[in-house]
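User: I would like a close look at a single part of this model, with the reasoning spelled out. Please take the open sheet, and follow its strands and what surrounds them.

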Amino acid sequence: MVNEIRKRLYRIIVPLPNSPLKDLNSYVIKGEDRNLIIDTGFNRSVCYEAMQKGLVELGIDLNKTDFMLTHMHADHTGLVSRLASETSRIFFSRIDSQVFDEDNSWQPLIDFAEINGFPADELQKALNSHPGFKYSPEKVPKFHLIDDGDVIECGGYRLQCVATPGHTQGHICLYEKDKKIFFSGDHVLFDITPHIESWAYTTNSLADYMASLDKVYNLPVDLVLPGHRNFLGNLKGRIDELKAHHRERADEVMEVLGSEPLNAYEIAAGMTWDIDCETWEDFPIAQKWFATGEAIAHLRYLEGEGRITRNTKQKIITFRAIRN
Ligand SMILES: [Zn+2]
């Protein structure tokens with residue numbers, strides 16, 4: 001499905017079957033000489049067909065088209081190597097591009113999940129069902145690396161890159177100052193809460209995320225174009241809600257923690273999740289993985305605030321509340 005949003009600016013809705021996100025918004029700017037596609041969908045045929053159909057409808061020539069990927073997740077990057085032509089520039093975050101480095105493997109994530117209580121016998125299953133594993137680009141294209149403050153121009157749009165670490169470490173939003181349009185990627189979503197996870201204690205992704213929300217809070221914006229679902233919301237109001245949500249989630253983790261030390265997997269099992277399952281045992285393995293990653297992000301955040309301590313002197317890491 002294709003919508004016209006503004007002059008020369010369109011959205012193609014790309015279905016993401018079996019994903020709680022439902023679909024991806026691929027934004028297309030139709031320029032005079034070259035076009036720009038912002039985010040692409042998973043590398044799977046249902047997404048490819050939706051993109052092809054939308055691009056034909058808009059009369060987009062892929063030989064005259066560049067790409068911008070807001071972050072490394074497969075629902076945003078997956079199709080890029082199938083859609084890009086030899087002349088395409090693919091603008092992508094310098095930081096997120098590191099996940100596509102040849103020597104980058106999933107092993108550190110697996111090891112990290114294990115020391116956080118994720119059942120060892122389920123790890124391979126969790127990995128096999130991970131969309132990042134299944135639907136990433138089939139080959140890694142040559143990227144045109146971008147950083148905070150860089151500008152991408154197309155069709156009368158002047159898009160300034162705004163580094164917004166949190167959802168991923170290299171997440172980049174685009175800001176069109178004159179038109180007051182903000183392409184928010186997965187940094188700000190309206191109908192769902194962006195997933196914040198952590199797979200190393202060296203990063204405090206929730207603290208980064210909160211700071212990145214503050215960074216864009218005062219931008220003069222009339223229209224926010226998120227990576228998923230609707231764009232009918234207001235930036236400031238939504239940021240207030242997202243910050244309140246994570247403070248509540250952090251408090252919930254404190255409650256789950258009680259007075260006994262627990263590991264991250266046990267804490268995730270004790271938190272409430274917006275999912276159609278009676279018990280934690282019924283969760284699909286991929287959802288257990290995401291839930292554990294989100295629990296770890298909140299634990300790392302609470303540790304940064306001095307509200308909990310982490311015990312690393314044992315095989316499985318545990319946390320304990322600091323009570324004053
Ligand atoms: Zn994402």
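Analyst: What follows is a walk across the sheet from one edge to the other, with a short look at two other places afterwards.

The model is a predicted one, and the description below should be read with that in mind. The open sheet has 7 strands in the order S1-S2-S3-S4-S5-S6-S7, and their pairing is mixed. Strand S1, residues 2–6, and strand S7, residues 144–146, stand at the edges, and because each has a single partner strand, one side of each is left without a neighbour in the sheet. From one strand to the next the twist averages 25°.

At the S1 edge, the neighbour is strand S2, residues 9–15, which runs antiparallel to S1 and is joined to it by 4 bridges. Within this pair, Val2 has Ile12 of S2 as its bridge partner. Helix H1, residues 45–57, packs on the sheet in this region, touching S1, S2 and strand S3 (23–29), and the direction of H1 makes about 155° with that of S2.

Towards the other edge, the pairing sense is parallel: strand S5, residues 65–69, is joined to S6 by 3 bridges, and S6 pairs with S7 in the parallel sense, also over 3 bridges. Phe67 stands opposite Ile90 in S6, while Ser93 stands opposite Ile146 in S7. Strand S6, residues 90–93, is covered on both faces, since Ile90 and Phe92 on one side and Phe91 and Ser93 on the other are all buried. Ile90 and Ser93 thus appear twice in this account, as buried residues of S6 and as residues that stand opposite Phe67 and Ile146, respectively.

Beyond the sheet, the axes of helix H8 (residues 235–257) and helix H10 (residues 285–304) come within 10 Å and cross at roughly 90°, which makes H8 roughly perpendicular to H10. Arg249, Ala250, Val253 and Met254 of H8 meet Ala295, His298, Leu299, Tyr301 and Leu302 of H10, and by class this contact has 7 nonpolar, 1 polar and 1 charged residues.

The other place is Thr202, found in the loop between strand S11 (181–185) and helix H7 (205–217). Thr202 is exposed, because 7 other C-beta atoms lie within 10 Å, and a residue counts as exposed at 12 or fewer. Although 98 residues separate Thr202 from Arg300 in sequence, their C-alpha atoms are 8.9 Å apart in space.

Terms used:
Residues numbered from 1 in each chain as written. Predicted model: local features only at pLDDT ≥ 70, side-chain atom pairs only at ≥ 80, totals over all residues. Pairing = 2+ DSSP bridges. Axes fitted to C-alpha atoms, helices over the stretch in contact; angles between N-to-C directions. Contact = placed C-beta atoms within 7 Å. Parallel < 35°, antiparallel > 145°, perpendicular 65-115°, else oblique. Nonpolar A, V, L, I, M, F, W, Y, C, P; charged D, E, K, R; others polar. Buried ≥ 20, exposed ≤ 12 C-beta atoms within 10 Å, placed from the backbone.
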